[in-house]
Amino acid sequence: MKYRIMPCSGDRISALGFGCMRFPTIDGNIDYDKAEKLIEKAFEGGVNYYDGAYPYHGGQAEVFMGHALKGVRDNVFIATKLPPQQIEKPEDMYRIFDEQLKRLATDHVDYYLLHGISDMRVYRKVTGLGLFEFFDRIKKEGRAKHIGVSSHANESDFKQIVKSYDYEFVQIQFNYYDVLRQMGIPALEFARERDLGVIVMEPQRGGMLSNISDPEKLQLIKGKGTPAEMAFRFVLDRPEVTCVLSGMNQMEQVEENLRTFDRFGEGNMSPDDHKALDEIRRMYEEKIQVGCTACGYCMPCPFGVDIPISFRCLNDAHMVNHEAGQRTYNVMTNRPGYPDSGAGNCRECGACEKKCPQHLEIRKYLKQVKAEFGR
Ligand code: SF4
Ligand code: SF4
């Protein structure tokens, strides 16, 4: 295992982190026997970063992590996250955090994050309820060692979020497909400028990059590595990355990942490797409907439309499959307690188009989103 230094703490963190959201299950519950073996194998292979969250496995993931990591607690870093959707009053943060420590059977969390912020309305709500005071307090008490934020926000919102508090690390989506479309390299560079640690999620883009079956794409990486290996290699190549999460639920996957992370580190990619992945990206991009880079400059829409999310889901529907796009669209534009932010709310005022650096015909594409997703 190769290790990287977390800038805020100097901790030596394994380049491979265990994402604890996808353990094997039996009758809807975590299969402790199987899952423990995975954790043991990963620990023996040098993995020392374990990433959970309050809602993973309906709350069972943190309990399992506490159980499985108890014997090696001092040799691992535990990360977990505060669920902003479940915060309605200041006490909720303290109550949930106390519950998390209890579940994890520990007196402190090493890396504590605000979970999955993609919507500024949610961020404003939790900051208005005293999020920063809460973070200051649990850090001062030593119950959370380091504070970060995980985000799927567009570039402009992401920068605003990171600047709003003294965050020490970020968790972002980074992979060779999204590198130009989502925050990608600009986010890494922004993190480096601020000396933030970077935990990478979705290195395989939810399985899209590890499950390539198209012979033309496979031919491009023949002799270089498996699809999963190439996707990891791309992320590991970047020196700004501190740790790459993988939600491992099979022993073969743990073993393959350990081999990959033993072999490859910073600067592992040759120009020829990059060329092959660029070509695969180009083949995916042929199916893209709208060339939105998710910069967020068009936002906010006065009528509440989440434009970048609408376009990301539209593209996913064509590049992956319709169900994948529709599912994300439903979750991200129709959050309980918030007004619908789907494309159907567009009043065609045109304000957004004046601000789009890509000069996209936003209104036209939003009509397509509405037609394909039904609202
Ligand atoms: S054109 Fe539609 S999406 Fe754009 S700002 Fe106006 S209402 Fe919002
Ligand atoms: S529509 Fe244009 S301005 Fe809005 S996020 Fe996409 S590229 Fe940026």
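This is a short tour of a predicted model, moving from the whole chain to single residues.

**The whole protein**

Start with everything in view. The protein has 15 helices and twelve strands. Its radius of gyration is 20 Å, close to the 21 Å that the globule rule gives for 375 residues, so the protein is as compact as a globular protein of that length. If you turn the C-alpha trace along its principal axes, it spans about 60 × 55 × 45 Å. Colour by burial if your viewer allows it: buried residues make up 44% of the 375 residues. Contacts reach a long way along the chain, too. Among those with a separation of 6 or more, 74% join residues 24 or more positions apart.

**Two domains**

Next, select residues 3–271 and give them one colour, then select 307–373 and give them another; these are domain 1 and domain 2 in the domain assignment. Their centres, taken over C-alpha atoms, are separated by 27 Å. How many residues of each domain are in contact with the other? Five residues of domain 1 are in contact with five of domain 2. On the domain 1 side, the touching residues are one nonpolar, two polar and two charged.

**A stop inside domain 1**

Now pick out helix α2, residues 60–69, and go to L69 in it. Is L69 buried or exposed? L69 is buried, because 22 other C-beta atoms lie within 10 Å, and the cut-off for a buried residue is 20 or more. Show its partners as sticks: leaving out residues up to four places away in sequence, L69 touches Y50, V76 and I78. For a sense of scale, draw a distance from the C-alpha of L69 to that of Q368. The two are 299 residues apart in sequence and 48 Å apart in space.

**Around ligand 2**

Centre the view on ligand 2. It is surrounded by 16 residues, and the closest are C292, C295, C298, P308 and C356. Which helix gives the largest share of this shell? That is helix α12, residues 307–319, with three residues. Colour the shell by class and you will find eleven nonpolar, four polar and one charged residues.

**Backbone details worth a click**

The last stops are about the backbone. Most residues other than glycine have a negative phi, and most peptide bonds are trans. Keep that in mind for the next three selections.

- Select M299 and P300: the peptide bond from M299 to P300 is cis, with omega near 0°. P300 sits in the loop between α11 (271–285) and α12.
- Select D195, in the loop between α7 (184–193) and β11 (197–201). D195 is not a glycine, yet its phi is positive, about 60°. D195 counts as exposed because it has 10 C-beta neighbours inside 10 Å, and the cut-off for exposed is 12 or fewer.
- Select E348, in the loop between α13 (322–333) and α14 (351–355). E348 also has a positive phi of about 60° although it is not a glycine. With 12 C-beta neighbours inside 10 Å, E348 counts as exposed.

To finish, zoom back out with the domain colours still on, and find domain 1 (3–271) and domain 2 (307–373) once more.

Methods. Residues are numbered from 1 along each chain as its sequence is written. Chains are lettered from A and ligands numbered from 1 in the order in which they are written. This is a predicted model: local features need pLDDT of at least 70, side-chain atom pairs count only at pLDDT 80 or more; totals for chains, interfaces and linings use all residues. Helices (H or I, at least four residues) and strands (E, at least two) are DSSP runs, numbered from the N terminus. Two residues are in contact if their C-beta atoms, placed from the backbone, lie within 7 Å. A residue is near a molecule or strand if its C-beta atom, placed from the backbone, lies within 6 Å of it. Ala, Val, Leu, Ile, Met, Phe, Trp, Tyr, Cys and Pro count as nonpolar, Asp, Glu, Lys and Arg as charged, and the others, Gly among them, as polar. Domain bounds come from an automatic or database domain assignment. The radius of gyration is taken over C-alpha atoms; the globule rule is 2.2 Å times the number of residues to the power 0.38.
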